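Please open the structure in your viewer and keep the selection tool at hand. The tour below proceeds from one selection to the next and states what is to be found at each stop.

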Amino acid sequence: MGRKSALGGNKNRKSQMSTLLSGFRGILIFVFGLSGVVNILALTGAFYMLQIYDRALTSGSVPTLVALSILAIVLYLFQGVLDIIRSQILVRLGAKLDHQLSPVAYKVTIDMPRYGFSSAEAIERSRDVDTIRGFMGSQGPLALFDLPWMPLYISFVYLLHPWLGTLTLLGTMVMGVLTLTTELMTKKRGAKAQQASITRAALAASHTRNADVLKAMGFAGRAVQKFETINAKHLGLHTSTTDIGGTLSGIAKVLRMILQSAILGLGAYLTMQGQLSPGAIIAASIIAARALAPVDMAIAQWKNIVAARRSYSRLKETFSALRDDEILVQLPKPERTMKLENVAVAAPSNGTVILSDISFDLEAGQAVGLIGPSGGGKSTLAKAITNVWPLARGSVRLDGAELNQWSDEDRGAHVGYLPQNVGLLDGTIAENICRFEPDPEAGHIIKAAKGAGVHELIVRLSDGYQTMLGPDGSSLSAGQRQRIALARALYRDPFLVVLDEPNSNLDAEGEIALTTAIEGICERGGITVVIAHRPSALKAVNMIGIIQNGRLVQFGPKDEIVKPTANPAMNVNPREPVPAVAGE
């Protein structure tokens with residue numbers, strides 16, 4: 001499965017995002033209706049001016065003036081309160097949307113690297129919810145809710161005089177053309193600017209991860225230069241997009257002022273001709289400005305509107321990639337076999353086939369050591385067996401059931417995995433061992449630590465199991481991190497344990513603990529898959545598989561695959577290469 005298909009989704013299935021947002025439609029309809037009341041009340045100023053000029057001034061009645069003023073103040077206050085309520089509803093709607101969508105979006109964000117997306121692209125997906133929430137609290141939604149009510153103002157001006165109504169309509173059409181121009185001119189540039197931002201973030205993250213290398217070998221300056229080149233491209237795109245939006249927004253403001261002046265001028269002419277009252281001139285000017293305000297605001301907010309629309313579209317695409325785990329039947333805990341059937345795996349980033357036609361069976365109590373030259377595909381097979389990378393073809397079965405027949409959480413309870421990069425998270429040692437399980441039992445944590453031979457090491461630390469590891473477990477040595485990660489893999493006695501180069505950072509004591517752990521898995525009826533270059537990791541395995549050039553070239557009992565050596569127990573110097581195999 002490639003990058004595109006990974007987030008393509010199932011179009012025949014009801015969108016999960018539509019389901020999550022179904023409760024918001026009623027609120028949005030209410031806000032739209034509230035916007036109608038606010039826009040009707042916005043006519044207060046025009047009516048007030050009409051009555052002041054055409055009734056109060058001509059009659060000279062102070063009580064009329066006072067009554068009109070009090071009525072106008074009440075209506076203005078009512079409009080203000082409704083406008084505040086409308087804004088607060090949208091802000092809270094954005095917060096509620098974030099509360100419902102963020103966990104699901106973050107779940108997909110964690111999954112995206114499996115399909116070849118960079119960490120920066122994955123993080124960008126999780127920020128889409130932030131973008132929409134921020135948009136809901138801005139002036140953008142208010143402009144969109146006010147736009148449909150523009151005909152109300154144009155009709156009012158038309159009732160004052162058809163010529164004034166026609167002039168207002170023409171001005172509105174010109175502003176609409178400006179809005180469309182803004183959309184056409186910024187759409188592609190905005191998308192390119194966002195992609196450039198993702199590229200810049202990915203490069204910055206890469207430099208941060210490899211800061212030690214950059215500093216030690218003195219090429220941090222060149223890394224900065226590379227960042228400057230990419231940043232310059234991003235800034236150029238961002239500047240051009242902002243310039244277009246700012247220019248068109250400035251033009252819109254000028255046109256609005258010209259239109260207001262034109263309304264006043266035409267109104268004065270019509271008044272001279274006896275076709276319009278003085279109050280109608282002021283009223284027409286106020287309403288014409290109010291009619292164009294949503295368009296003017298929409299142009300000013302267009303960058304945010306486009307960003308929110310793009311984020312919403314990506315979120316729908318993101319959510320369509322989610323598998324509906326709720327329909328899965330909870331299977332019993334596997335306890336008999338693991339079977340690989342014609343497994344083929346391609347690199348998620350570019351589709352290059354790394355493994356082809358890998359097939360073998362393991363039974364409870366067996367441990368297999370996968371050996372072979374670097375680049376042959378051993379670690380890729382470990383990722384396929386643990387469902388880290390999706391299969392291009394074939395299947396991995398536990399007790400006859402394919403891995404995708406379990407939900408991620410259920411399957412994870414039956415699988416232990418120690419990757420090459422260990423992957424400890426920021427938290428305590430206990431939290432990492434129990435996989436951040438809520439309310440874990442201390443007995444299970446200690447049992448896993450003892451199974452990995454790391455309990456004594458942990459209790460010697462000043463804070464014991466409550467020792468904070470920091471990002472990536474940086475407070476511990478590489479060997480200590482690897483042994484704690486082994487304890488995490490053993491937590492709650494999973495049926496399948498996959499260990500990728502589990503002794504790469506271990507000392508002699510750690511090597512013994514690893515061998516004991518593998519023996520313990522076999523004794524309790526589990527299955528162990530060990531990826532190894534150093535032969536000491538293979539001491540406790542009873543099966544051997546040799547992977548070369550993406551294919552399983554040999555597989556069978558260890559004593560049949562590995563040639564007899566002077567050390568049958570394979571308890572050799574950890575730095576020696578893997579012993580020669582039969583057939584070489």
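Two strands are said to pair if DSSP finds at least two bridges between them. The model on display is a predicted one.

**First stop: strands β3 and β8**

Select strand β3 together with strand β8, residues 527-531. These two strands run parallel and are joined by 4 bridges. Within this pairing, Val368 stands opposite Val529 of β8.

Now colour β8 by burial, where buried means under 20% relative accessible area. How many of the residues of β8 are buried? The count is 5 of the 5, so the strand is largely enclosed by the rest of the structure. In a regular strand the side chains alternate between the two faces of the sheet. On one side of β8 lie Ile527, Val529 and Ile531, and on the other lie Thr528 and Val530; both faces are covered.

**Second stop: strand β7**

Add strand β7, residues 496-500, to the selection. It is joined to β8 by 5 bridges, and the two strands run parallel. Display Asp500 to see the residue that stands opposite Ile531 in β8.

**Third stop: strands β9 and β10**

Return to β3, residues 367-371, and select β9 beside it. Here the pairing is again in the parallel sense, over 4 bridges. Val368, already met opposite Val529 in β8, also stands opposite Met543 in β9. Strand β9 covers residues 543-548, and 5 of its 6 residues are buried, which leaves the strand mostly covered.

Next, extend the selection to β10, residues 551-557. In which sense do β9 and β10 run, parallel or antiparallel? They run antiparallel, with 6 bridges between them. One facing pair to display is Ile546 and Gln554, the latter in β10. The hairpin of β9 and β10 has 2 residues between the strands, and in it Asn549 takes a positive phi near 50°.

**Fourth stop: an open sheet**

Clear the selection and choose β2, β1, β4 and β5. These 4 strands form an open sheet in the order β2-β1-β4-β5, with antiparallel pairing. The edges are held by β2 (353-363) and β5 (401-402); each has a single partner strand, so one side of each is left without a neighbour in the sheet.

Look then at β1 (residues 337-346) and β4 (residues 393-398), which are joined by 5 bridges and run antiparallel. Met338 has Leu398 in β4 as its bridge partner.

**Fifth stop: a buried loop residue and two cysteines**

Select Thr428, in the loop between β6 (415-418) and α16 (429-433). Is this residue buried or exposed? Its relative accessibility is 6%, and therefore Thr428 counts as buried. Beyond its neighbours within four places in sequence, Thr428 is in contact with Tyr465, Gln466, Thr467, Met468 and Leu469.

Display Cys434 and Cys522 next. Cys434 counts as buried because its relative accessibility is 3%. Cys522 is buried as well, with a relative accessible area of 15%. The structure holds 0 disulfides.

**Last stop: a patch on the surface**

Finally, select Ile70, whose place is in helix α5 (residues 62-111). Add Val62, Val66 and Val74, and show the surface: with Ile70, these residues form a nonpolar patch there. Together the four have about 350 Å² of accessible area.

Terms used
Residues numbered from 1 in each chain as written. Predicted model: local features only at pLDDT ≥ 70, side-chain atom pairs only at ≥ 80, totals over all residues. Heavy atoms only, no water. Patch = residues over 30% accessible without salt bridge, like charges linked within 9 Å, V, L, I, M, F, W, Y side chains within 5 Å. Areas by Shrake-Rupley, 256 points an atom, 1.4 Å probe, with all protein chains shown as cover. Salt bridge = Lys/Arg side-chain N within 4 Å of Asp/Glu carboxyl O. Buried < 20%, exposed > 50% of the residue type's maximum accessible area, 1.4 Å probe, protein only. Contact = heavy atoms within 4.5 Å. Disulfide = S-S within 2.5 Å.
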